[in-house]
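Student: I have a new model to read. Could you take me through it in short steps?

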Amino acid sequence: ASEVNDALKQLQASVTTMTQVTTDIAHDLKTPIGRLFLTLEAASECKEQVSTQALITKAMDEVVRITGTFEGLLRISQIESGARRLRFARIDLLALVADIYDIYRDIVEDAGRSLRLSNDTMGAACFVWGDEDFLKQMCVNLVVNAMRHTPEGARIAIGIISRSSSCTVFVNDNGPGIPEEERQRVFKRFYRLEKSRTTQGTGLGLSLVKAISDVHGASIALTDHNPGLVVSVSFPKIA
């Protein structure tokens, strides 16, 4: 009877989660789909070719945002299923983070911010067991998230902290940070601090980071940078 009760509780929790996700998707896509409909309606009624083309371009941008939402959800589902654990291999986090820095340094600077590489490894290697593509996606999301939520002129850093039993990837910035009471909520799908949802993004960036950290058996923490935010993801270290 106890096992049946536990199974029913797990089933109820799964149904509740599924219902909430469905509601969140409907809520988050209602506005962009509404904008898409109004834009296409205006384009169908427009008599000037130049104006029509501008409206079509605007509609295509909305389609890209909607598609990005579904791609993000599918990505999270793929990660949470654990289907790609068979692809796990020995990954050099130092080299991986250095590659992300090389690729995104100019992108961050073009956005009016700066990106610095900061490693505290004391010469030690930093290998973990994981999926290289997922780990790169995690680092990219953290850097993009820092870019998106800091003002021009902000300083962003990405790096590694190596300890005897763990390797920690971190991204910090000197932006406005996240209030302590909101720090666990930002990992929820579609959750945004900015409630009006006028900023770009799908609201899935940190949800994806959390999914990747979970499937790798890593822990994730948000802490103050005074000012700003530090996001740290600690992985079990392997030889």
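**Helices, loops and contacts**

Tutor: Start with helix α4, residues 132-148. Its 17 residues reach 24 Å from first C-alpha to last, close to the 24 Å expected at 1.5 Å a residue. The expected span is 1.5 Å times one less than the number of residues. Helices (H or I, at least four residues) and strands (E, at least two) are DSSP runs, numbered from the N terminus.

This is a predicted model: local features need pLDDT of at least 70, side-chain atom pairs count only at pLDDT 80 or more, and totals for chains, interfaces and linings use all residues. Residues are numbered from 1 along each chain as its sequence is written, and side-chain values use heavy atoms, with hydrogens and water left out.

Student: What is the mean pLDDT of the chain?

Tutor: pLDDT is the predictor's confidence in each residue, from 0 to 100. In this chain, 81% of residues reach 70 or more. The mean pLDDT is 82.

Student: Which element has the lowest mean pLDDT?

Tutor: At the high end stands strand β7 (residues 229-236), with a mean of 96. Where pLDDT is low, the predicted coordinates should not be read in detail. The lowest mean, 71, belongs to helix α1 (residues 2-45).

Student: How many helices and strands does the chain have?

Tutor: Read along the sequence, the pattern is α-α-β-α-β-β-α-β-β-α-β-β. The secondary structure comes to five helices and seven strands.

Student: At the start of α4, which residue has a side-chain oxygen that reaches a backbone nitrogen?

Tutor: Look for a polar contact: a pair of N or O atoms within 3.5 Å; within protein, one must be able to donate a hydrogen and the other to accept it, and residues adjacent in sequence count only if both atoms are side-chain atoms. The backbone nitrogen here belongs to Asp-133. The side-chain oxygen that comes to within 3.0 Å of that nitrogen is from Asp-131.

Student: Where is the kink in α3 centred?

Tutor: The bend at a residue is the angle between axes fitted to the seven residues ending there and the seven starting there. In α3 the kink is about 40°. The helix still has end C-alpha atoms 26 Å apart, which agrees with the 26 Å that its 18 residues should span. The kink is centred on Tyr-104.

Student: Which residue caps the N-terminal end of α3?

Tutor: The contact runs from a side-chain oxygen to the backbone nitrogen of Leu-94, over 3.1 Å. The capping residue is Asp-92.

Student: Is His-216 buried or exposed?

Tutor: Buried means under 20% relative accessible area, exposed over 50%, and partly exposed in between (1.4 Å probe, protein chains only). His-216 is in the loop between α5 (205-215) and β6. A polar atom of its side chain lies 2.8 Å from the backbone oxygen of Ile-212. At 7% relative accessibility, His-216 is therefore buried.

Student: And Asn-226, buried or exposed?

Tutor: Asn-226 lies in the loop between β6 and β7. Its phi is positive, near 50°. Its relative accessibility is 68%, so Asn-226 counts as exposed.

Student: Which residue does a cis peptide bond join to Asn-226?

Tutor: Omega of this bond is about 0°. The partner lies in the loop between β6 (219-224) and β7. The partner is Pro-227.
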